[in-house]
Structures are given as C-alpha cells and as structure tokens.
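Reader: I'm new to this and keep getting lost when I look at the whole thing at once. Could you pick one sheet, walk me through how its strands sit side by side, and tell me what is tucked away and what isn't?

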Amino acid sequence: MRKILVLDDETEFCDRIAEMLRLRNYLVKAVYGLGQARVALELESFDVVLLDVFLQDGSGVDLLGEIRKRWPETAIIMMTGMEDVRTAIECIRLGAEEYFLKPVHNDELVFAIEKSLKSSRQQSELSMYRDSGNYPIIGESEAIQEVRSLIERAAANPDVTVLVTGETGTGKELVARHVHMQGRRSQEAFIPINCSSIPESLIESEFFGHEKGAFTGADRQQKGVFERANGGTVFLDEIGDMEVRLQTSLLRFLETRRVHRVGGGEIDVDVRIVCATNKDLQKEVDELRFRKDLYFRVNVLNIHLPPLRERTGDVVLLARYFISRQKHNHRNFVITEAGIRRLERYAWPGNIRELKNVVEREMILARGAELDFVQLEHGLVERPEESVPLEDGRLHLAVGFDRPVSLDEIERRVIEGALTYCSGNVSRAAEVLQLGRSSLRSKMKRLGIG
Ligand SMILES: Nc1ncnc2c1ncn2[C@@H]1O[C@H](COP(=O)(O)OP(=O)(O)OP(=O)(O)O)[C@@H](O)[C@H]1O
Ligand SMILES: [Mg+2]
C-alpha cells in the first residue's frame with residue numbers, strides 16, 4: 001500500500017484529507033507541525049508528502065527543500081490557503097509535483113497523487129528496461145507463437161492501432177510494450193494511461209492539453225498525452241472503462257490525428273495507439289456502453305492473450321523463468337515432480353501475475369532448494385486481487401476463497417478485513433460495511449471476533 005504523509009496545522013482540514021485518502025486505500029499519517037513531520041520522515045519512508053506552505057512553526061517550503069535533498073524518491077504536493085504566485089513558482093522550482101490552492105478538490109488531489117506515483121514508478125521502470133533490454137515473452141504454446149507473430153506484424157506497421165485483449169494478468173501490458181519496442185517508434189516515448197482512473201473534470205486537458213488561462217487554475221500551458229508521446233506510442237489501458245464523452249473525443253482524434261488543446265489551436269501529432277481491455281468490447285458495444293464506431297477504429301489488429309489455464313504447457317516454463325529472474329538465487333531452486341503436477345493442475349484465475357506471485361512466495365517460504373507448491377493443494381493461494389475503494393467511498397474487500405466455505409466464514413473474513421482496514425475502529429468499520437454500529441457489534445460477538 002502507498003504511504004502518504006499529510007502536514008497541515010489546520011487540524012480539521014488535515015484530518016479530513018487524511019480520512020478521505022484512507023478511504024481510498026492509502027496508508028496515511030497526519031501531522032500538524034514541522035517538528036512532527038521531521039520525526040515522521042526520519043522514522044518511516046513515504047511515497048508522497050502533502051505539504052502546507054504557511055505553518056505556525058515555520059515554512060513548508062523549507063521542508064520541501066530538505067525532503068528533495070534527503071529523500072529524492074518521495075513526491076511532494078503543496079497545498080496552500082493563500083494565493084501567491086512567487087511561492088508557487090519557488091515550490092515547483094524546488095521540485096514539488098503540484099501546487100494546490102485550498103479548498104482542494106478530492107478527485108483532483110487523488111489524481112495528482114496517482115500521477116506522481118506513476119511518474120516515479122515509470123522512471124524506475126524505464127531504468128529497469130535500459131538495464132535489462134526488454135523483458136521477454138515466455139512460452140512455446142501455439143497460442144503464444146501466434147501472439148509473437150502478431151506482435152511482429154504490428155511492429156512492422158507503426159501506424160496501425162492495436163487492441164490487446166485477455167483476462168487480467170495475461171500479459172497485455174507486456175505485449176503493448178513489445179509492440180512499441182520492436183518497431184521504429186522504439187526510441188520515442190511509450191506513455192501508458194489508465195482510462196478508468198482519470199477524473200472526468202480533467203479528462204480533456206489530460207488527453208489533449210490546455211493553453212495557459214483556458215480555465216481557472218490553468219496557470220501554465222500543458223501538453224496532453226498525445227502531444228507528449230509524439231513520435232511514440234500511447235497505451236490506453238482499460239479502454240473498456242472509458243467515459244462515453246472521452247470515447248467521442250478519442251474517436252475524433254483517431255479520425256483526424258489532430259489534437260485540439262482546451263482553449264487553443266489544433267496540432268498534428270504522429271502516435272500509435274495501443275489499447276487494452278479485459279472486457280468483451282463487442283458485448284460492451286451491444287449493451288451500448290461502448291461506441292460502435294470507436295470499436296471499429298480501435299479493433300484494427302487484435303492480439304488476444306489466452307488465459308494461462310488454456311496453455312498448461314507454458315506454466316512450468318514461466319515458473320522456471322520467474323525463478324531464474326530472482327536476484328538472490330543462491331540456492332539453485334528446482335521444482336519437484338509433484339510441484340510440476342500441482343502447477344499444471346491449478347486454474348490460475350489471476351493468470352501469469354498470480355503465477356509470478358506464487359513462485360516468488362514459494363521461494364521465500366521454501367526451507368531447502370526444492371519447490372513443491374503444496375500451498376496450491378489447499379487453496380491457500382493469495383488472490384492477486386486487492387482490496388480497493390469503490391467510487392462512492394465504500395471499500396471492496398478481497399476475500400479470495402477458492403474452496404466452498406460457509407457464509408459465516410465469509411462474513412467473518414469480510415468483517416475482519418474491514419476492521420484491519422479501519423485500524424480496529426468499529427464505528428468506521430460499520431460505516432464501510434454500511435451497517436449500524438450495534439449490529440456490527442452483535443455480529444462480531446456471534447462470530448467471536450475481537
Ligand atoms: N508471456 C510472458 N512471459 C513472461 N512474463 C509475462 C508474460 N506475460 C505476462 N508476464 C508478466 O506477468 C505480469 C502481468 O502481466 P501484465 O501486467 O502485462 O498483465 P495485464 O494483462 O496487463 O494484466 P491486467 O489486466 O491485470 O492489467 C507482469 O509481471 C508481466 O511481466
Ligand atoms: Mg495491465
């Protein structure tokens with residue numbers, strides 16, 4: 001889970017932001033002064049720090065400088081109650097990712113957080129790529145060989161839009177990167193965008209950019225993704241979840257290959273679009289959630305990734321590959337005969353991502369060098385799915401059983417999950433579960449929790 005430090009001496013504001021972020025599944029620490037913040041930073045590492053500018057015990061700008069120097073990986077977002085252009089410029093110059101004027105809009109703050117997390121992740125991913133070339137696509141099954149030849153064909157046609165489909169964890173993003181890397185665009189940018197996570201109010205400017213002064217808050221010109229990726233590839237992930245309004249804009253872009261900046265003129269861009277989805281787009285079209293004309297536009301070259309359970313032959317190859325990729329493999333791990341049978345019999349609902357997790361966990365838990373994957377027998381496998389907050393502020397809890405269980409057991413797991421998530425606070429857990437506090441109490445008593 002991503003860790004965020006919030007510093008603001010208006011305690012109410014600080015707590016409200018912290019609470020809002022917790023509901024969205026971040027680990028949050030709230031502090032009310034510079035001293036407290038410095039202690040927290042010494043003791044723990046944070047992915048993002050939200051920083052107020054004017055504080056009773058000093059200036060957030062000083063702390064900004066210190067954090068930049070000592071913890072360069074930590075992203076910093078400034079929030080201030082007073083509009084002051086000079087401070088804003090100073091903060092950006094010192095390396096803040098964003099600068100918000102209070103009151104801060106929740107969705108926009110979360111979006112800025114996600115964006116800064118992604119850019120630091122992307123940087124490390126980029127250096128990973130440079131070190132290791134590109135990650136290979138492992139597998140000898142007919143299905144994967146077909147995928148390889150489709151990637152080649154896509155790479156040879158650098159303007160063709162590609163649609164990558166397949167269940168979760170089957171390797172859609174990996175394939176999208178190969179399409180980019182193997183073609184003539186490989187020296188240019190590859191920009192992944194998750195279509196389901198952009199707040200509606202920011203969609204147009206995120207995609208198409210805006211001119212300075214196009215709307216309140218647009219204090220500088222910003223290029224949209226298509227413009228930033230000019231020459232390269234834009235990877236539109238989860239396109240099946242794209243807002244209808246954006247579908248219309250995207251269609252217009254695909255037809256004209258021109259972007260229209262909000263409040264500005266039109267610019268020609270040359271990018272390849274690769275889309276991915278785990279949804280059945282034809283069905284989305286039939287049920288009127290996805291524009292038919294856009295579907296035809298994006299479904300020019302379809303690369304479909306079959307689920308892992310349909311290519312059992314590749315399971316062991318992949319498992320050995322993930323073992324070999326382990327950095328500290330001093331033990332020379334081997335998979336036992338029984339282990340191979342278990343790997344091949346398991347259904348892999350989370351596909352290759354789940355396999356990777358299972359292999360890595362098995363290596364950590366193994367006593368010697370032999371891996372027998374006994375865990376798979378007992379259905380004790382961790383699901384790849386994570387608990388995620390839903391749009392309306394409720395929480396989706398991952399329970400992950402893969403054997404028949406009683407309702408009581410499910411109820412217990414859900415309640416325990418909610419309690420852990422709310423750090424043991426029963427009232428908050430009741431809220432998350434949309435129950436009265438007293439009915440949650442009585443359920444806990446019946447199930448023997450707490
Ligand atoms: N054929 C393969 N060979 C080696 N590694 C693979 C292969 N396919 C997928 N992987 C690895 O499995 C993991 C999941 O792949 P990826 O993120 O591309 O899946 P995805 O289809 O985009 O999943 P989701 O729908 O959940 O976003 C990654 O670590 C990826 O490198
Ligand atoms: Mg993906």
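**A walk across one sheet**

Author: Let's start in the middle: strands β1 and β3 pair in the parallel sense, with four bridges between them. Before we go on, this is a predicted model, in which local features need pLDDT of at least 70, side-chain atom pairs count only at pLDDT 80 or more, and totals for chains, interfaces and linings use all residues. Residues are numbered from 1 along each chain as its sequence is written, while chains are lettered from A and ligands numbered from 1 in the order in which they are written.

Two words will keep coming up. Strands are DSSP runs of E with at least two residues, helices are runs of H or I with at least four, and both are numbered from the N terminus. Two strands pair if DSSP finds at least two bridges between them.

Back to β1, which covers residues 3-7. Find Leu5, because it makes a handy landmark: across in β3, the residue opposite Leu5 is Val49. Now look to the other side of β1, where five bridges tie this strand to β2, again running parallel. There, Leu5 stands opposite Lys29.

Next, step over to β3 (residues 48-52), which is joined to β6 by five bridges, also in parallel. You can check two of the partners yourself: Val48 is matched with Ala75 of β6, and Leu50 is matched with Ile77. Then β6 carries on to β7 (residues 98-101) through four bridges, parallel once more. Here Met78 has Tyr99 as its bridge partner.

Put those steps together and you have an open sheet of five strands, ordered β2-β1-β3-β6-β7, with parallel pairing. β2 (27-31) and β7 are the edge strands; each has a single partner strand, so one side of each has no neighbour in the sheet. From one strand to the next, the twist averages 20°, an angle between N-to-C directions on a scale from 0 to 180 degrees, with axes fitted as lines to C-alpha atoms.

So what's tucked away? A residue is buried if 20 or more other C-beta atoms lie within 10 Å of its own, exposed if 12 or fewer, and partly exposed in between, with C-beta atoms placed from the backbone. In β3, five of the five residues are buried. Val48, Leu50 and Asp52 point one way, Val49 and Leu51 point the other way, and all are buried. That back-and-forth is a general habit: side chains in a regular strand alternate between the two faces of the sheet.

β6 (residues 75-80) tells a similar story, with six of its six residues buried. Ala75, Ile77 and Met79 point to one side of β6, whereas Ile76, Met78 and Thr80 point to the other. Zoom in on Ile76, which sits in β6: this residue counts as buried because 25 C-beta neighbours lie inside 10 Å. Measure along the sequence and Leu94 is 18 residues away from Ile76; in space, the two are 10.0 Å apart, C-alpha to C-alpha.

For a contrast, try helix α3, residues 60-70, whose buried residues are Gly60, Leu63, Leu64 and Ile67. Look down the axis of α3 and these buried residues fall within an arc of 110°, so they line one face of the helix; the arc is that of the directions from the helix axis to the C-beta atoms. Over on the other side of α3, Asp62 and Lys69 are exposed. If you want a helix that is hardly covered, go to α18 (residues 437-447), where the count of buried residues among the eleven is one. Right after α18 comes Gly448, with a positive phi of about 70°.

Once you've got the hang of that sheet, practise on another one. It is open too, with five strands in the order β9-β12-β15-β8-β16 and parallel pairing. Its edge strands are β9 (190-194) and β16 (301-305), each pairing on one side only. Ignoring direction, neighbouring strands here are turned by 20° against each other on average. At the β9 end, five bridges connect β9 with β12 (residues 233-237), and the two run parallel. As a landmark there, use Ile191, which stands opposite Val234 in β12.
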